[in-house]
Amino acid sequence: MRQTQLKTKSTEIRSFLGEFIRSPISTGSIIPSSRQLAKLMTHTIDENTQNIVEFGPGTGSFTRMIHQKKNKDTRFAVVEINQRFREHIKSLFPDVEVYDSLQPETSGFVGNVDAVVSGLPFSNMKWEDSEDIINSIHGMLAPGGEFKTFLYFHTFQLGKNRVLIDYLRSQFASVNLNFVARNIPPAVVVSAYKKS
Ligand SMILES: C[S@@+](CC[C@H](N)C(=O)[O-])C[C@H]1O[C@@H](n2cnc3c(N)ncnc32)[C@H](O)[C@@H]1O
């Protein structure tokens with residue numbers, strides 16, 4: 001069992017590096033997130049969480065934990081721009097809905113999602129694109145719903161990321177920041193809660 005897990009992990013690390021070499025800007029990292037980061041990104045998800053959407057699952061660091069923790073009847077969709085990552089997620093989790101983009105209206109995710117988890121590389125995106133995605137996520141969330149994303153600590157002071165945090169503070173009822181040292185590189189988890 002442990003042998004299989006290690007093999008999967010090393011395959012995922014190689015696959016991630018390959019995708020970074022092909023598309024560094026959209027992949028956003030050379031390796032998948034650590035277990036410690038994945039734990040913090042998913043720690044509020046449990047069997048009562050209704051409707052979950054994950055953006056940018058990559059090789060599935062967060063997907064795996066969400067899948068373990070959620071109720072089996074909960075609708076769980078991931079949105080991934082990279083076709084190889086989409087195929088990887090489909091092969092690991094056949095019951096997860098996998099999209100290359102998601103329109104809230106046609107997907108039925110409007111005001112009824114309890115948790116949105118994002119691995120999107122906002123630091124590498126144009127602000128207008130980040131703003132559109134955040135507005136769309138806000139519309140998907142149920143009252144009191146949670147949006148979680150992360151930024152790499154060394155990029156935290158960048159103007160673009162300050163704009164992102166300020167925008168989240170202006171749109172959401174509250175925003176918390178938590179540092180995760182055990183990730184390469186260290187990260188800050190941003191949790192934003194929609195007004196109840
Ligand atoms: C930094 S990686 C995070 C992967 C994974 N969540 C993790 O933490 O290990 C960013 C992921 O977002 C995906 N991505 C980038 N832009 C995207 C977009 N506009 N829509 C969906 N996925 C996107 C990339 O292909 C990549 O899988």
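The following paragraphs lead through a predicted model, beginning with its sheet and then turning to the helices and some individual residues.

The sheet is open and contains 7 strands, arranged in the order 3-2-1-4-5-7-6 with mixed pairing. Strand 3 (97-99) and strand 6 (174-180) lie at the edges; each has a single partner strand, so one side of each is left without a neighbour in the sheet. From one strand to the next, the twist averages 15°. In general, strands of a sheet pair through backbone hydrogen bonds, in either a parallel or an antiparallel sense. Both senses can be illustrated here. Strand 1 and strand 2 pair in the parallel sense, over 4 bridges, and V53 has A77 of strand 2 as its bridge partner. Strand 5 (residues 141-152) and strand 7 (residues 187-193), by contrast, run antiparallel and are joined by 7 bridges. Within this pair, T149 stands opposite V190 of strand 7.

Two helices may be considered next in relation to the sheet. Helix 3 (residues 35-42) packs on it, touching strand 4 (113-118), strand 5, strand 6 and strand 7, and the direction of helix 3 makes about 165° with that of strand 6. Helix 7 (residues 127-140) also packs on the sheet; it touches strand 1 (52-55), strand 4 and strand 5, and its direction makes about 145° with that of strand 5.

Strand 1 repays a closer look. In a regular strand, the side chains alternate between the two faces of the sheet. In strand 1, I52 and E54 point one way while V53 and F55 point the other way, and all are buried. Just before this strand, in the loop between helix 3 and strand 1, is N51. The phi of N51 is near 60°, a positive value in a residue other than glycine. N51 is buried, because 20 other C-beta atoms lie within 10 Å.

From N51 the description passes to D114, a residue of strand 4. D114 is likewise buried, with 20 other C-beta atoms within 10 Å. Leaving aside neighbours within four places in sequence, D114 is in contact with T49, Q50, N51, I52, A142 and G145. K90 is 24 residues from D114 in sequence, and the two are 23 Å apart in space, C-alpha to C-alpha.

Helix 4 (residues 61-69) has S61, F62, T63, I66 and H67 as its buried residues. The elements that cover them include helix 3, strand 1, strand 2 (76-79), helix 5 (83-92) and strand 4.

The packing of one helix on another remains to be described. Two packed helices are described by the angle between their axes and the distance between the axes. The axes of helix 7 and helix 8 (residues 159-171) come within 11 Å and cross at roughly 25°. An angle under 35 degrees counts as roughly parallel, and helix 7 and helix 8 are therefore roughly parallel to each other. Their crossing is right-handed. Helix 7 contributes W127, S130, E131, I134 and H138 to the contact, and helix 8 contributes K160, V163, L164, Y167, L168 and Q171. By class, this contact has 6 nonpolar, 3 polar and 2 charged residues.

A final local feature concerns the backbone. The peptide bond from I184 to P185 is cis, with omega near -10°. P185 is placed in the loop between strand 6 and strand 7.

Technical notes. Residues numbered from 1 in each chain as written. Predicted model: local features only at pLDDT ≥ 70, side-chain atom pairs only at ≥ 80, totals over all residues. Pairing = 2+ DSSP bridges. Axes fitted to C-alpha atoms, helices over the stretch in contact; angles between N-to-C directions. Contact = placed C-beta atoms within 7 Å. Buried ≥ 20, exposed ≤ 12 C-beta atoms within 10 Å, placed from the backbone. Parallel < 35°, antiparallel > 145°, perpendicular 65-115°, else oblique. Left-handed = near helix turned anticlockwise from the far one by under 90°. Nonpolar A, V, L, I, M, F, W, Y, C, P; charged D, E, K, R; others polar.
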